[in-house]
Amino acid sequence: MIRVRFAPSPTGMFHVGGARSALFNWALAEQSGGRFVLRIEDTDAARNRPEWTEGIISALAWIGVNDDNPAFEGPYFQSSYEVQHREAAAKLIADGRAYYCTCTRDDVKARTGSEHKGYDGFCRERGLTEGAVRFRTPDEGVTVVEDLVRGTVEFPNGAMEDFVIARADGSPLFVLANVVDDIEMRITHVVRAEEHLSNTPKQQLLWQALGVAPPTWAHVPVIVNEKRQKLSKRRDKVALESYRDEGYLAEAMVNYLMLLGWGPGDDREIMPWSEMVPLFRLEDVNPSPAFFDEKKLRAFNGEYIRALPLAEFVARCDPWLAPEWDREVFARVAELAQTRIAVLSEITANVDFLFLDEPVFDQASWDKAMKNSAVEILTGYLARLETVAMDPESLKTALEEVGAEHGLKLGKAQAPVRVAVTGRTVGLPLFESIEALGRERSIERLRAALARLQG
């Protein structure tokens, strides 16, 4: 059985690159009837916060990776395997594959004459019984890593120093803990970010030294921004939670992330998870950097929003509507809004005019619309609004007539009326908005706008 693992470290946010790696692992587990093993790398005390771990679990659940599916296993915690980590270090020492070392960085520098040279093997034959533990790397030959994404990658053994696998107090370094955990959990495939490729020859040597065949490796491409720089939390919007909280749909995010480095091969882009899983192959992943294009993600999300059944769209918008807003009123305009937003959080600005005593005042919108013939347009439309039928076509005809009286086409005539009624220059169709707002409230807002203009 294929057993893949996803092993994030708690950092206070869940990186979209980690989410992409998790989905690649999840697809591999699902399509093979295997297991997705979630392991939390929690040995860094500074990062070992329960709320950060819960954040990882919550973010994974949002994109569909959770224990509702039998493919999911965990979470396990690296800290639970400390005994096995120490036992593995002891075994490697007993087998002559590792040794104790008391050298400091300054000692190495003094012997080699350079702070840039690696460890020189000074303690290999000293027979020490305490100190940090170093793995004895081969002096000759190459370590060959067979990678499903990158093909055959060779690492000269002579370029690898004898690396530390445990501190002097016996606590393991990541390179050892990671291997031991994978062995304990019977991991068969390691699918992770390209940045870990440089660790792979060390880990592969450890697997072999511990008497276990290494897993199948796959290092997926780095994700970059529009400047082709690696996505950075210090510079870029990378937290999956921020997209969730902004109103991106999970299914749109999943679809988009799966296409960062992989494609179904038939030029399709918008496709559900159920169709992607059977088509996914690690061998088809492109090793070149993948561009995270937020504009394209927005477009994806808009497509998914428009495809929702209306009742589901209404339900999905609910978290962005104030509790006191009338849901029946919202439902009457929801279909209009559904075609105009790209993320759910945008619903607020599109419909708040229906529920507020006064529309939101936006100075930029006001300055743009309330000039030239604005007073005449508002005055003329106000007079007609007293008696015109309250249906969109009649409301439109009335404004066309007012505009014609002042030499304006409908588009120009709409601007001051829209801002007076909704507070913004863009939003739902104007005449449907007036119909939903009602005659009395619409008249009240036109009068208020005129008073502001003339006062």
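**Salt bridges**

I began with Glu 401, which in this predicted model forms a salt bridge with Arg 384, the closest N and O atoms being 3.4 Å apart. I then looked up where the two partners sit, and found Glu 401 in helix H16 (residues 392-405) and Arg 384 in helix H15 (residues 374-385), so that the pair links distant parts of the chain, 17 residues apart. For exposure I noted that Glu 401 has 40% relative accessibility and therefore counts as partly exposed, and that Arg 384, with a relative accessible area of 24%, is partly exposed.

My next entry is the pair of Arg 124 and Asp 162, a salt bridge in which the closest N and O atoms are 2.7 Å apart. Arg 124 lies in the loop between helix H4 (105-112) and strand E5 (132-135), while Asp 162 lies in the loop between strand E7 (151-156) and strand E8 (164-166), so the salt bridge ties together parts that are 38 residues apart in sequence. Are these two residues buried or exposed? I find that Arg 124 is buried, and that Asp 162 is buried as well.

I also looked up Glu 294, which forms a salt bridge with Lys 237 at 3.1 Å between the closest N and O atoms. Here Glu 294 belongs to helix H10 (residues 294-307) and Lys 237 to the loop between strand E11 (223-224) and helix H7 (240-246), so this pair ties together parts that are 57 residues apart in sequence. Glu 294, at 30% relative accessibility, counts as partly exposed, and Lys 237, at 29%, counts as partly exposed too.

For the whole structure I recorded a count of 31 salt bridges. I also noted a network of salt bridges that links Arg 5, Arg 39, Glu 41, Asp 181 and Asp 182.

**Cysteines**

How many disulfides does the structure hold? I count 0 disulfides, and I checked Cys 103 to see why: the closest cysteine sulfur to its own is that of Cys 123, at 3.5 Å, which is too far for a bond, given that a disulfide needs the two sulfur atoms within 2.5 Å. Cys 103 counts as buried, at 16% relative accessibility, and Cys 317 counts as buried at 0%.

**Phe 330 and its surroundings**

From Cys 317 I moved to Phe 330, which is found in helix H12 (residues 327-338) and counts as buried at 1% relative accessibility. Leaving aside its neighbours within four places in sequence, I list its contacts as Phe 313, Val 314, Cys 317, Leu 321, Ile 347, Val 351 and Phe 355. I also took a distance between C-alpha atoms, and those of Phe 330 and Ala 59, which are 271 residues apart along the chain, are separated by 29 Å.

**Packing of H17 and H19**

My last entry concerns helix H17 (residues 410-422) and helix H19 (residues 439-454), which pack at an angle of about 110 degrees with their axes 8 Å apart. Since angles of 65 to 115 degrees count as roughly perpendicular, H17 and H19 are therefore roughly perpendicular to each other. On the H17 side I find Val 417, Ala 420 and Val 421 making the contact, and on the H19 side Arg 445, Leu 446 and Ala 449. Sorted by class, this contact of H17 with H19 has 5 nonpolar, no polar and 1 charged residues.

Technical notes. Residues numbered from 1 in each chain as written. Predicted model: local features only at pLDDT ≥ 70, side-chain atom pairs only at ≥ 80, totals over all residues. Heavy atoms only, no water. Axes fitted to C-alpha atoms, helices over the stretch in contact; angles between N-to-C directions. Helix = DSSP H or I, 4+ residues; strand = E, 2+ residues; numbered from the N terminus. Parallel < 35°, antiparallel > 145°, perpendicular 65-115°, else oblique. Contact = heavy atoms within 4.5 Å. Nonpolar A, V, L, I, M, F, W, Y, C, P; charged D, E, K, R; others polar. Buried < 20%, exposed > 50% of the residue type's maximum accessible area, 1.4 Å probe, protein only. Salt bridge = Lys/Arg side-chain N within 4 Å of Asp/Glu carboxyl O.
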